[in-house]
Amino acid sequence: MADGSTQPRRPQSRPHSRRAGLAFHNDGERTTAYRALEALACAHCAGVIDAGELFSRHALMPGGSRTRGVTLLPLCNRCRPLRLEGDENEEQHEG
Ligand SMILES: [Zn+2]
């Protein structure tokens, strides 16, 4: 009666990203910026969002069908360029 089976503990849901803070898009729209903790796939261009990159999440409406739960899909910084609020470090490009 030796039951020595120990199951390794795995976290149920490992976060793929964490909130980076408030950000703005090029058109001035306010959004929440996230920083990828591991490589993610952009929902728009299917490009890779590398770990450490900033991205935003957007609700993409499923065509035709109405669902209550809105899924927020990641969009990479190339599809939806964003800039962190208060991020004034990029002052190198001056015209
Ligand atoms: Zn993209």
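Okay, let's walk along the chain: starting from the N terminus, the elements go β-β-β-β-β-β-β. So what's the count of helices and strands? Zero helices, seven strands. Keep in mind that this is a predicted model.

On confidence, then. The chain has a mean pLDDT of 82, with 68% of its residues reaching 70 or more. Within the elements, S6 is where confidence is lowest, with a mean of 91, while strand S4, residues 48–49, has the highest, at 97. And a general reminder: where pLDDT is low, please don't read the predicted coordinates in detail.

Now the sheet. Five strands make up an open sheet, and the order across it is S6-S5-S2-S1-S7, with antiparallel pairing. Which strands sit at the edges? Those are strand S6, at 72–75, and strand S7, at 82–84, and each of them pairs on one side only. Going from one strand to the next, the twist averages 50°.

Let's zoom in on the S7 end. Strand S1 covers residues 17–25, and S1 and S7 pair in the antiparallel sense over three bridges. If you want a residue pair to click on, try Ala23: its bridge partner in S7 is Leu84.

Last bit, the chain as a whole. How much of it counts as buried? That would be 15% of the 95 residues. As for contacts, take the ones with a separation of 6 or more: 40% of those are between residues 24 or more positions apart.

To recap the picture: seven strands and zero helices, an open sheet of five strands, and S6 and S7 as its edge strands. That's it from me, over to you.

Terms used
Residues numbered from 1 in each chain as written. Predicted model: local features only at pLDDT ≥ 70, side-chain atom pairs only at ≥ 80, totals over all residues. Pairing = 2+ DSSP bridges. Helix = DSSP H or I, 4+ residues; strand = E, 2+ residues; numbered from the N terminus. Axes fitted to C-alpha atoms, helices over the stretch in contact; angles between N-to-C directions. Buried ≥ 20, exposed ≤ 12 C-beta atoms within 10 Å, placed from the backbone. Contact = placed C-beta atoms within 7 Å. pLDDT = per-residue confidence, 0-100.
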